[in-house]
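Here are some short exercises to work through with the model open beside you. Try each task before you read its solution.

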Amino acid sequence: MLNAYRHAAVHPVVRAGVGRLLGRDTWSALLAASSLDEYVDVLSGSRYRDAVLPVEPEPAAIARRLRAEVAAAKRRPTTFLSGAARDLTDWSWRRHEIENLLTILRGVHAGRSAREIRRHLIPLGSTSRIDWRSLASSATIADLRQRLEGTATGRYYRRILTDAADAYRRDGGVFVLENAVERAHHRHLRRRMDALNRTDAGDARRLVGLELDTRNVLRSYRFRVAFGWSPETILANALPAGERVTAPVLQAIATGASLAGIVADVWGRRLPGVGRLSAADDLANLTRLETMLRRLLGLRAREALRGYPFRLASVLAQGVRLDHELRDLVTISEAIDAGLAPEDRADRLIENRGR
């Protein structure tokens, strides 16, 4: 459990962050928006005003600015933490940096211009010590590794890419580097969770642990169903075992277990929406499962915020609520751009918004 001094300092920051989440009326207006211009107009009356007004009404551009706003909001409570709790929240936040690093890896590998790569970066600004614009100018992956040398975090990413360099040269595909970054981050979060005291570790397992398990199951099934990989290749590229998604579970996925059966074994048949999983169509099930597990995570986050406030759970839960708000905002903008009716947009959201 966080010490008393840090409790008192971080609690108002968490409460302020939760209090700034969009209200039901705003969500109703966003769901009813007839165009992206109207969508931006609605958001301009919220805390996202500075994020959406400088950009063209285009889903990808809007999403990048919203991600920057959420990254900054999630960063604030970390300042008031210390020790293992701070380490965990810090490295959980670095998911935003990893998204930028993966974007640059793909762009440099494909030979895209620095200008084109920069268009797809999340503008993290002062929340990150890495100069992402400079990295986007890298001529080669080796050049990128060298440019990462400037900060402690950059050197951490550099070591990952250096360790994977030989495999990248042999394979020739950028996935080798992407997977090395993903697996290292997963292991790093697991270590940070293991270093927590008993109470904080329990909070982390319910929230961060569920996120890691979700990512692992979805990735492993995509390797099998969408890419047709062999069991050996799936297991070699899967993320390390997590909370409920253990090595035997990953073995079962790789060797042909149905997604519906794995979900029932790992999370139980009471998981909301589990009855919608088809026994025959695992590819279609992946999108449904991601939404189901996100809804479970959102439920746990809301429960944590209603509970005893001076715990790590409240900090982690605020991050989940912000992430889900971001995801639903992006979903609505993409649905508007695709011409979907308001009722169809609402069905795609993680949380019950404006209904």
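The radius of gyration here is taken over C-alpha atoms, and the globule rule is 2.2 Å times the number of residues to the power 0.38. Keep in mind that this is a predicted model.

**Exercise 1. Work out how the radius of gyration of the protein chain sits with the globule rule.**

Step 1: start from the chain length, 355 residues, for which a compact globule would have a radius of gyration near 20 Å.
Step 2: the protein chain has 20 Å, which agrees with the rule.
Step 3: for the overall extent, the C-alpha atoms fill a box of roughly 55 × 50 × 45 Å along the principal axes.

**Exercise 2. Describe what the protein chain is built from and how its contacts are spread.**

Step 1: count the elements, and you get 20 helices and 0 strands.
Step 2: take contacts between residues at least 6 apart in sequence; 63% of these join residues at least 24 apart.
Step 3: turn to burial, where 51% of the 355 residues count as buried.
Step 4: look at the outside, about 16200 Å² of exposed area, with carbon and sulfur atoms supplying 47% of it.

**Exercise 3. Find out how the buried residues of helix H16 are arranged and what covers them.**

Step 1: in H16 (residues 247–254), pick out the buried residues: Val249, Leu250, Ile253 and Ala254.
Step 2: look down the axis of H16; these residues fall within an arc of 135°, so they line one face of the helix.
Step 3: recall the general rule that an α-helix has 3.6 residues a turn, so residues three or four places apart point the same way.
Step 4: check the cover, which includes helix H14 (198–226), helix H15 (231–237) and helix H17 (259–267).
Step 5: move past the end of H16 to Gly256, whose phi is positive, near 115°.

Terms used:
Residues are numbered from 1 along each chain as its sequence is written. This is a predicted model: local features need pLDDT of at least 70, side-chain atom pairs count only at pLDDT 80 or more; totals for chains, interfaces and linings use all residues. Side-chain values use heavy atoms; hydrogens and water are left out. Helices (H or I, at least four residues) and strands (E, at least two) are DSSP runs, numbered from the N terminus. Buried means under 20% relative accessible area, exposed over 50%, partly exposed in between (1.4 Å probe, protein chains only). Contact means heavy atoms within 4.5 Å. Accessible areas come from the Shrake-Rupley method with a 1.4 Å probe; for residues, only the protein chains shown count as cover. The arc is that of the directions from the helix axis to the C-beta atoms.
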